[in-house]
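This report looks at how side chains meet one another, taking charged pairs, aromatic rings and polar contacts in turn. It is best read with the sequence and the model side by side.

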Amino acid sequence: KGASQFANNAFQHLHDPLASIPQPARKRDRRKIVCTGSSEGSFLHKTVSHIGRKANRCLFEFGETFMRHCYKVFLINLKMEFRTESARLDTSSDKIVLFRIVQFFMALRRHTRAFKPTQAAKILSLESEENSVVAGEQDSADESEVLEQALLVTMDKFSFSLVLQVTEEQPIRPKALEHATGLLLEMSHLLFYHRYNPTNTVTQMIGMALMDVLFYAKEPIGRLAELLKSWEPATHSRMHLANLVELTDVTLDLLDVRRHEAESDNQAKLLAEDKELAKKKEAGLDFDLDGFVKKIATNKIVSMHAHLLQLYATNDKRHNTCCIAFFRRLCMTRLNPDSPFDDTDEKPKAQAIVTLEPLLYNVPILTLLAKILNDLSIQTSEFEEVLSFAKMIVRHFGKIASSNPVLYVEALFQQPHALHFCEKVLTHYIEPETLQALYAGKQGAETDAADDATWASTKDGKRPSSADRAAAAEEDEEEEEEEEG
């Protein structure tokens, strides 16, 4: 194949003599291929050769030029075609092509927005040329605003509905679902950026309105739970799995309004003028995030995150972080949020804080965590978060199993009623009211035993009756009143 390409155009590689020599095809070890997800193209994430940097620079310049001058008109016209169901479109295939185009430009802008000028210079510049053009330099304020405004064309209810339609198709088309999930991930990243961008109050209001449509409305159009439940181990690709895990992390972070919300004078002024926006903000603050987590906290979705974490050695670092973040959120989600106790308080088991952590107490996950702890090749700072979490879960499981040995048997099976199982683990399968009564009875018995020991040390060694104790209490009250008088 290489020789035929060289014969067709023998002068195409004159600038690089080594590239003109046909190279033998080599098999790649798939176990060593790092999965970066569909949002990570070949641009802006790794150091490449001289020719690769030149290609990266050209691709970067083309992307920014297209977004600045063509993207807005291009998307408006295409969305109109889809909205009117034009006969010129093949909806099954053209929709997927549109998803891939929009995803590419959103990913390009997200990565260049996050990069520092020195990082972009290292990746995109041509070090061998004296007057190299650094394509990754930070945009001016006006140019950056133009690019962000162009991408906002995609952020509306129709665009989200167009993407989510693919997730509802029956029968499921794995490739189409994979591209739709990749675009939904990029749209969620962009929504998070605009919703919590402190420098632009207008885009904050746009993000607030979109979140109301997706999550807070009476009939929200968000389909994260359904999308996660559609995943099957032997049906979808590893890239699709990585995108689902990252989408879950971004969505949960997006819904944690109290953690990211920052008050400003401009925002307060706009909310005072628009009562509808004020209601949407209140809906975000009152949103039951714990209830949303409980909805997606099933054995299948927990196993899905564990399935990706099994590839921790070749995963991108952020995918391992997303898996651990989801597991930690399970450990912090309370099933009894009205409990008056904090984690640091000493409390009886009947009033203990019950979380979703017992969902991780099963043999596959515990085996995976043991493998991680015994893997000497990852004992580095890069895997510090994964290692610390594995130690915590194994330690908690051992502590609870020491007082409840039945947990060793429970770990062999997936619990059909996961939330009910989490409630019963700490209370030894006894109803909380019954356990509270037993605890109160035990406390009363200990008090009576202490009183018996006290009266046994007196001269007669007899415990007074209840009538004698009541009479003694009345005499004490009369003496106190006389002393006060």
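## Charged and aromatic side chains

Glu81 is buried, with a relative accessible area of 18%, and because the limit for that class is under 20%, its value falls on the buried side of the cut-off. The model is a predicted one, and the values below are computed from it. The partner of Glu81 is Arg88, and the two side chains meet in a salt bridge with an N to O distance of 2.2 Å. Arg88, in contrast, counts as exposed, at 67% relative accessibility, so this salt bridge joins a buried acid to an exposed base.

The structure has 13 salt bridges by the rule applied here. Three of them are set out in the table, each with the distance between nitrogen and oxygen.

| Base | Acid | N to O distance |
|---|---|---|
| Arg88 | Glu81 | 2.2 Å |
| Arg113 | Glu148 | 2.9 Å |
| Arg318 | Asp316 | 2.9 Å |

The salt bridge between Arg113 and Glu148 ties together parts of the chain that are 35 residues apart in sequence, because Arg113 belongs to helix α4 (residues 91–114) and Glu148 to helix α6 (residues 141–151). Arg113 is partly exposed, with a relative accessible area of 23%, whereas Glu148 counts as buried at 5% relative accessibility. Both residues also take part in a network of salt bridges that links Glu64, Arg68, Arg109, Arg113 and Glu148. Arg113 has a further partner in an aromatic residue, for its charged end sits over the ring of Tyr193, 4.0 Å from the ring centre. Another arginine placed over a ring is Arg83, which lies over the face of Phe158 at 4.2 Å from the ring centre. In the remaining pair of the table, Arg318 bridges to Asp316, and Asp316 counts as partly exposed at 21% relative accessibility.

Turning to contacts between rings, the structure holds 14 aromatic pairs. One of these is formed by Phe104 and Phe105, whose rings are edge-to-face, with 5.2 Å from centre to centre and 75 degrees between the planes. Phe104 counts as partly exposed at 25% relative accessibility, while Phe105 is buried, with a relative accessible area of 4%. A second edge-to-face pair is made by Tyr361 and Phe397, at 5.5 Å centre to centre and with 65 degrees between the planes. This pair links distant parts of the chain, as Tyr361 is in the loop between α17 (317–332) and α18 (363–374), and Phe397 is in helix α19 (residues 384–403), 36 residues apart. Tyr361 and Phe397 are both buried.

Which residues do ring pairs link into a cluster? The cluster consists of Phe62, Phe66, Tyr71, Phe74, Phe104 and Phe105, and thus takes in the edge-to-face pair of Phe104 and Phe105 described above.

A last site is centred on Asp253, a residue of helix α11 (residues 238–255). The side chains of Asp253 and His260 are joined by a polar contact of 2.7 Å. When neighbours within four places in sequence are left aside, Asp253 is in contact with Phe192, Arg259, His260 and Arg329, so that His260 appears both in this list and as the partner in the polar contact.

Note on methods: Residues numbered from 1 in each chain as written. Predicted model: local features only at pLDDT ≥ 70, side-chain atom pairs only at ≥ 80, totals over all residues. Heavy atoms only, no water. Phe/Tyr/Trp six-rings, centres within 6.5 Å; stacked < 30°, edge-to-face > 60°. Buried < 20%, exposed > 50% of the residue type's maximum accessible area, 1.4 Å probe, protein only. Helix = DSSP H or I, 4+ residues; strand = E, 2+ residues; numbered from the N terminus. Lys NZ or Arg CZ within 6 Å of the ring centre and 35° of its normal. Salt bridge = Lys/Arg side-chain N within 4 Å of Asp/Glu carboxyl O. Polar contact = N/O pair within 3.5 Å; in protein donor to acceptor, adjacent residues only side chain to side chain. Contact = heavy atoms within 4.5 Å.
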